[in-house]
Amino acid sequence: MSSTSPISLSGLASGFPTEDVITKLMAIEKRPVDILKTRLQNLNLGDAQYKNAKSRVESLNAVLKKLVTPSVLEGDPFKAKASKSANDAIATATVTGNASAQTLKLEVRQLATATTARSVSNVASQLAAGTDLISDVAQGGITSGTFTVFVDGAAHSITVDATQNFDSVFTQISALANITGVSVSGGKIQIDNAAGHTVQLGANGDTSNFLDLTFLKTGDKTATSVTSSVALTRVNLGAVASTAGANLATPLTDGTFTIGKATFDTTGKTLNAIISEINNNADAGVSISYDVAANRLNLSATGSGSALITMADGTSNFLGAMGLISGGDSTLSQTAGKNAEFYVNGTQLFSGSNTVSSSITGLTGVTLELKGQNVGAPIDIVISRDASKLETAVTDLVAQLNQAISFIDEQTDMQNNNAKLKGESSLRRFRDQLRSTMSNPVAGLTKYSTLFSVGISTGAVTAGDNTASSKFQFDKTQFEAALASNPDEVSALMVGATGVLTQLKTLTDNALNDDANESLDGLFAGHNNSTERRIKDLNTQISRAESRLAQKEEFYRKQFQVMEMLISQYNNQGTAITNMANQIAANKG
């Protein structure tokens, strides 16, 4: 109504119920506007249900696309294959729709293994000596505390301070009765004892891990000695490799080296960083680790097979210093992997990988995964049609189709008080087209020319029929029998050039088409455009009508205001005349 505050009339002069009269007059005036608003509300409600119908048709169309025009990733469900191995521990197979149904006899005589490389000798790091600080070995992991040495069963506590050298610990051990000496040779610690006496190391109350990290607890024992099982090294993986602090046996020259197709630069990098770079570079084709206990680098090709690892020093001597190249020869440190050897249907084959593609076997669409050996005991791998994916898609199709048809029936039913699309003939025609298309026979086919013949059926098409009997149903048993009998004809019936589902997809594609050229719009885009125009027109009519109502109310108020003013004037004049008459009468008296 008016944006300004309306004139308020109390009717005090006339005693007339002005506000009540104006309210009732405006209610009469507003009836055409209320009709327009009701029409707009119903239009919006109907449009919302039309969009709901579109959503259901979109879901149906999405299932049709998977069946009629499947993507490469999804694969054609009509061609889907499955494989079953008699022993998954020996081998499995992955198959695509191009694979032929068949049974393979597979015997695996040798699995493919990876080529490995190890430092030719344990020379990577400097070996520990008695004068070395305890913190210089085991990456500084030896903790301060105590450990126990038992001599002839008597326990003796030895104190370890990680900031001291080994000799300070050896002195304490040597001072024990019947211990004849402690020494380090080739990085191994040896504790000697007098003949006829026993030495045992470690107790559960020890607070230092000295015996563990010096490998004495697992050491080699004789009647007169205990020796570390592994030589102690001084390598510092966190120090720049080319500096003295890295404690490498052969000083490292900064520069480049290559592994596989990758080139690496050692300049300013720690051994940890160099190892990490190699592991993170796929072009190197190896995984690498530093074996502290064995004092060497270990490499393993990321792929299997007999091919050797390509290694060469460039401006750096890294590979030589690590013992991976000796005298310029990179093969001395390597142990070649093995190719897989297997038989398929009696034919001997070889593969550098345990994942064997069709390019090696000649089996189109089949990839074998070799996992174990079964020499002399071939297993069967059966490749057959896989109807499960197709049945799932058809089940989904029937469900989506029923949902779309039922929703349209419900919303267009003239007898349904809650229906918002009563009499929507275009939508009803589309619903009828969905049902009739599903019943269409396909020319040129013999045994399976209708969906009914392969197990997809429904009751009779009846106008307004929304009962359970009219819904489409899917008989999997009948469908599987048809597939087994004539899969090509079933495929032609459903998704061939003139197949039923191909027709249905075209029908839904057209209905959902939304083109820049409105003349090419489908059912839903056309309805949306028409509805938008109608909503815009109604909003314009309502806006104009409400503007006129505001003016009308203003007019009524002004007219009643004039009436009240006139009545007030008349009342005032009447009062004045009465007063004068009373005055004259009083004077005469």
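In which helix does Y570 lie? In this predicted model, Y570 is part of helix 13, which spans residues 523–588. The residue has a relative accessibility of 53% and is classed as exposed, because the threshold for that class is over 50%. Together with V562 and L566, Y570 forms a nonpolar patch on the surface. The accessible area of V562, L566 and Y570 together amounts to about 290 Å².

Strand 22, covering residues 379–385, takes part in two antiparallel pairings. One of them joins strand 22 to strand 1 (residues 81–85) over 5 bridges. Within this pairing, K81 is placed opposite R385 of strand 22. The other pairing, likewise antiparallel, links strand 22 to strand 3 (residues 102–110) over 5 bridges. Here T103 faces V382 of strand 22 as its opposite residue. In a regular strand, side chains point alternately to the two faces of the sheet.

I90 provides a further link to this region. The residue is located in the loop between strand 1 and strand 2, the latter comprising residues 91–95. I90 has a relative accessible area of 9% and is therefore buried, the limit for this class being under 20%. Although I90 and I379 are 289 residues apart along the chain, their C-alpha atoms are separated by 8.2 Å. When neighbours within four places in sequence are left aside, the contacts of I90 include V108 and I379. The stretch E369, L370, K371, G372, Q373 and N374 is also in contact with I90.

A second buried loop residue is S333, situated between helix 6 (318–321) and strand 17 (334–335). Its relative accessibility is 7%, so S333 falls under the 20% limit for buried residues. Not counting residues up to four places away in sequence, S333 touches T116, A117, R118 and V120. Further contacts of S333 are made with M311, G323 and L324.

An open sheet of 3 strands is arranged in the order 6-5-9, with antiparallel pairing. Strand 6 (154–160) and strand 9 (199–201) occupy the edges; each has a single partner strand, so one side of each is left without a neighbour in the sheet. On average, neighbouring strands of this sheet are turned by 30 degrees against each other, direction ignored. Helix 3 (residues 166–174) packs on the sheet and touches both strand 5 and strand 6. The direction of helix 3 makes about 160 degrees with that of strand 6. Strand 5 (residues 145–151) and strand 9 run antiparallel and are joined by 3 bridges. In this pair, F150 stands opposite Q200 of strand 9.

Two asparagine residues depart from the usual backbone geometry. Most residues other than glycine have a negative phi. N178, by contrast, has a positive phi of about 70 degrees. N178 belongs to the loop between helix 3 and strand 7 (179–185). With a relative accessible area of 30%, N178 is partly exposed, because this class lies between the 20% and 50% limits. For N345, phi is also positive, at about 50 degrees, although the residue is not a glycine. The loop that holds N345 runs between strand 18 (340–344) and strand 19 (347–351). N345 has a relative accessibility of 44% and likewise counts as partly exposed.

Methods. Residues numbered from 1 in each chain as written. Predicted model: local features only at pLDDT ≥ 70, side-chain atom pairs only at ≥ 80, totals over all residues. Heavy atoms only, no water. Pairing = 2+ DSSP bridges. Helix = DSSP H or I, 4+ residues; strand = E, 2+ residues; numbered from the N terminus. Buried < 20%, exposed > 50% of the residue type's maximum accessible area, 1.4 Å probe, protein only. Contact = heavy atoms within 4.5 Å. Patch = residues over 30% accessible without salt bridge, like charges linked within 9 Å, V, L, I, M, F, W, Y side chains within 5 Å. Areas by Shrake-Rupley, 256 points an atom, 1.4 Å probe, with all protein chains shown as cover. Salt bridge = Lys/Arg side-chain N within 4 Å of Asp/Glu carboxyl O. Axes fitted to C-alpha atoms, helices over the stretch in contact; angles between N-to-C directions.
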